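Biologist: Please take me through one part of this model in detail: the sheet and whatever packs against it. Add the rest of the chain where it helps to place that part.

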Amino acid sequence: CGGNTENSEDVWSAFVPYLRARECEFCRKTHPFRENKDLSVSEIERRLGVTLRTTRTVTRDVGGRAVRVITSQVSPRPIEVLASSPSGRIKSVRIGGKVLTALQMREALGLRSSKITWRLSGETLHISSVGYGHGVGLCQYGASGMASQGKDFVDILKYYYSGIDISALYAPSNSMAP
């Protein structure tokens with residue numbers, strides 16, 4: 001979950017009362033917690049079907065003659081966050097004029113999570129993602145960490161699924177009915 005689970009409506013737009021955001025200290029200690037990925041601007045443009053470059057035409061005086069020079073450079077802000085959740089996951093972005101949901105961006109760019117930061121350096125976008133997946137509900141690493149501290153499944157489920165009650169659907173019988 002990248003240190004926090006998500007509210008259902010911040011990922012899927014539907015409010016589900018037992019799917020509330022929770023802090024999770026356990027997954028921060030796991031190996032796949034952070035992933036760094038470098039993607040070229042050309043690769044991002046290809047995968048998303050966008051243009052991240054701006055083209056300018058400038059007229060310059062060269063030896064007394066007016067020469068038009070066409071330049072192309074990567075936009076200094078190739079990704080604009082339109083909405084994000086309280087835990088820091090991106091909900092929607094504008095990339096090269098195209099609006100994408102977090103899931104669309106994650107899948108197209110092959111990212112583990114939508115809890116990302118990035119830095120543009122020349123023609124390369126350095127992306128760092130935290131966690132793995134959408135972050136809603138039970139964190140598998142968190143559940144494992146709680147179990148290693150002696151918590152049982154009821155404690156774990158009640159932590160990740162807010163306000164739930166756990167009860168048996170049937171009571172096992174010790175005697176056989178005639």
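Modeller: What follows starts with the sheet, moves to the helices and the cores, and ends with the hairpin and the cysteines. The model is predicted.

The sheet is open and has three strands, in the order β1-β8-β7, with antiparallel pairing. Its edge strands are β1, residues 34-40, and β7, residues 116-121, each of which pairs on one side only. From one strand to the next the twist averages 20°. Helix α1, residues 41-48, packs on this sheet and touches β1, β7 and β8. The direction of α1 makes about 90° with that of β1.

Within the sheet, β7 and β8 (residues 124-130) are joined by six bridges in the antiparallel sense. One pair can be named: L120 has L125 in β8 as its bridge partner. In general, strands of a sheet pair through backbone hydrogen bonds, either parallel or antiparallel.

S129 is a useful residue to look at in β8. Its relative accessibility is 1%, so S129 counts as buried, the limit being under 20%. Leaving aside neighbours within four places in sequence, S129 is in contact with F33, R34, E35, R112, S113, K115 and I116. Of these contacts, R34 and E35 fall in the range of β1, and I116 falls in that of β7.

Next comes helix α2, which spans residues 102-109. Which of its residues are buried? They are A102, M105, R106 and L109. Seen down the axis of α2, these buried residues fall within an arc of 100°, so they line one face of the helix. The general background is that an α-helix has 3.6 residues a turn, so residues three or four places apart point the same way. The cover over the buried residues of α2 includes the three sheet strands β1, β7 and β8, together with α1, β5 (90-95) and β6 (98-101). Just after α2, G110 takes a positive phi of about 65°.

The sheet and both helices can also be placed through the nonpolar cores. The largest core has 18 residues, and those with the most contacts inside it are I44, L48, V93, I95, M105, L109 and I127. Two or more residues of this core come from each of α1, β5, α2 and β8. L48 shows some of the connections: not counting residues up to four places away in sequence, L48 touches I95, K98, L100, A108 and L109. Another core, of 11 residues, lies apart from the largest one, and its members include F33, C139, A143 and M146. F33 is also among the contacts of S129.

Strand β5 deserves a further word, and S92 lies in it. S92 is buried, with a relative accessible area of 17%. Setting aside residues up to four places away in sequence, S92 touches E80, V81, L82, A83, L100, T101 and A102. Of these, A102 is also one of the buried residues of α2.

The hairpin is a separate matter. Strands β2 (residues 53-62) and β3 (residues 65-74) run antiparallel and are joined by 10 bridges. Two residues stand between the strands of this hairpin, and G63 takes a positive phi near 60°. Of the pairs across the hairpin, V62 has R65 in β3 as its bridge partner, and R60 stands opposite V67 in β3. V62, in strand β2, is partly exposed, with a relative accessible area of 48%. The C-alpha atoms of V62 and E107 are separated by 48 Å, with these positions 45 residues apart along the chain.

Last come the cysteines. How many disulfides does a search of the whole structure find? The search finds zero. C139 is in no disulfide, and the nearest cysteine sulfur, that of C1, is 3.7 Å away. A disulfide here requires the two sulfur atoms to be within 2.5 Å, so the pair does not count as one. C139 is buried, with a relative accessible area of 3%, and C1 is buried as well, at 11%.

Key:
Residues numbered from 1 in each chain as written. Predicted model: local features only at pLDDT ≥ 70, side-chain atom pairs only at ≥ 80, totals over all residues. Heavy atoms only, no water. Pairing = 2+ DSSP bridges. Helix = DSSP H or I, 4+ residues; strand = E, 2+ residues; numbered from the N terminus. Axes fitted to C-alpha atoms, helices over the stretch in contact; angles between N-to-C directions. Contact = heavy atoms within 4.5 Å. Buried < 20%, exposed > 50% of the residue type's maximum accessible area, 1.4 Å probe, protein only. Arc of directions from axis to C-beta. Core = buried A, V, L, I, M, F, W, Y, C linked by side-chain atoms within 4.5 Å.
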